[in-house]
Amino acid sequence: KAVVSTQSTGDALRETLKNALIVDGVTKGLRESVKKLDKREALLCVLAESTDEKNILKLVEALCREHNINLIKIDDAKKLGEWVGLCKIDKEGNARKVVRCSCAVVSNFGRESIANEVINDHFKRTVAAE
């Protein structure tokens, strides 16, 4: 069955991370994320390309490739930091004092949602295109 959704991959990723946070299924930061990747406990890896250290990108990409873990790259580490809860939310609901996050790993998606299916479809399309 095909999933018909108007949700973009970015919006779906944000919702997926939010759902995973609720069940404590997100590992934040490079060191802890690499541990999860190495133990093959990751279902999804999100990597910020705006990191200064290119070896970090190569390490995470290699681990994901080696263990067949889906990898999504986003452009901004601050955006990833906000999405994984490394910020304060003010009265208006806006993120303040956002901390950069170069890498995050999802080990538990939490509840099933359309967002998960959008992410899965993204990987199916990516694999089919290769």
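**Sheet, helices and cores**

Let's start in strand 6, where A104 is the bridge partner of K28. This is a predicted model, by the way. Strand 1 and strand 6 run antiparallel, and three bridges join them.

Now the whole sheet. It is open, with four strands in the order 1-6-2-3. The pairing is mixed. Strand 1, residues 26-28, and strand 3 stand at the edges. Each has a single partner strand, so one side of each has no neighbour in the sheet. On average, neighbouring strands are turned by 20° against each other, direction ignored.

Next, the helices on the sheet. Helix 2, residues 30-38, packs there and touches strand 1, strand 2 and strand 6. Its direction makes about 40° with that of strand 6. Helix 3, residues 54-66, lies across strand 2, strand 3 and strand 6. Helix 3 runs at about 165° to strand 2.

On to the cores. The largest nonpolar core has 22 residues. Which of them touch the most other members? L13, L17, L44 and L80. Several elements supply at least two residues each, among them helix 1 (9-22), helix 4 (77-83) and helix 5 (114-129). Strand 2, strand 3 and strand 6 do so too. Take L17. Beyond its neighbours within four places in sequence, L17 is in contact with V26, V46, L80, W83, V84 and V106. Another core, of 12 residues, lies apart from the largest one. Its members include L57, V60, I69 and V105.

Last, a residue in helix 1: N19. Buried or exposed? N19 is buried, because its relative accessible area is 3%, and buried means under 20%. Sequence neighbours within four places aside, N19 is in contact with F109, G110, R111 and S113.

Note on methods. Residues are numbered from 1 along each chain as its sequence is written. This is a predicted model: local features need pLDDT of at least 70, side-chain atom pairs count only at pLDDT 80 or more; totals for chains, interfaces and linings use all residues. Side-chain values use heavy atoms; hydrogens and water are left out. A nonpolar core is a set of buried Ala, Val, Leu, Ile, Met, Phe, Trp, Tyr and Cys residues joined through side-chain atoms within 4.5 Å. Buried means under 20% relative accessible area, exposed over 50%, partly exposed in between (1.4 Å probe, protein chains only). Contact means heavy atoms within 4.5 Å. Two strands pair if DSSP finds at least two bridges between them. Axes are lines fitted to C-alpha atoms, for helices over the stretch in contact, and angles run from 0 to 180 degrees between N-to-C directions.
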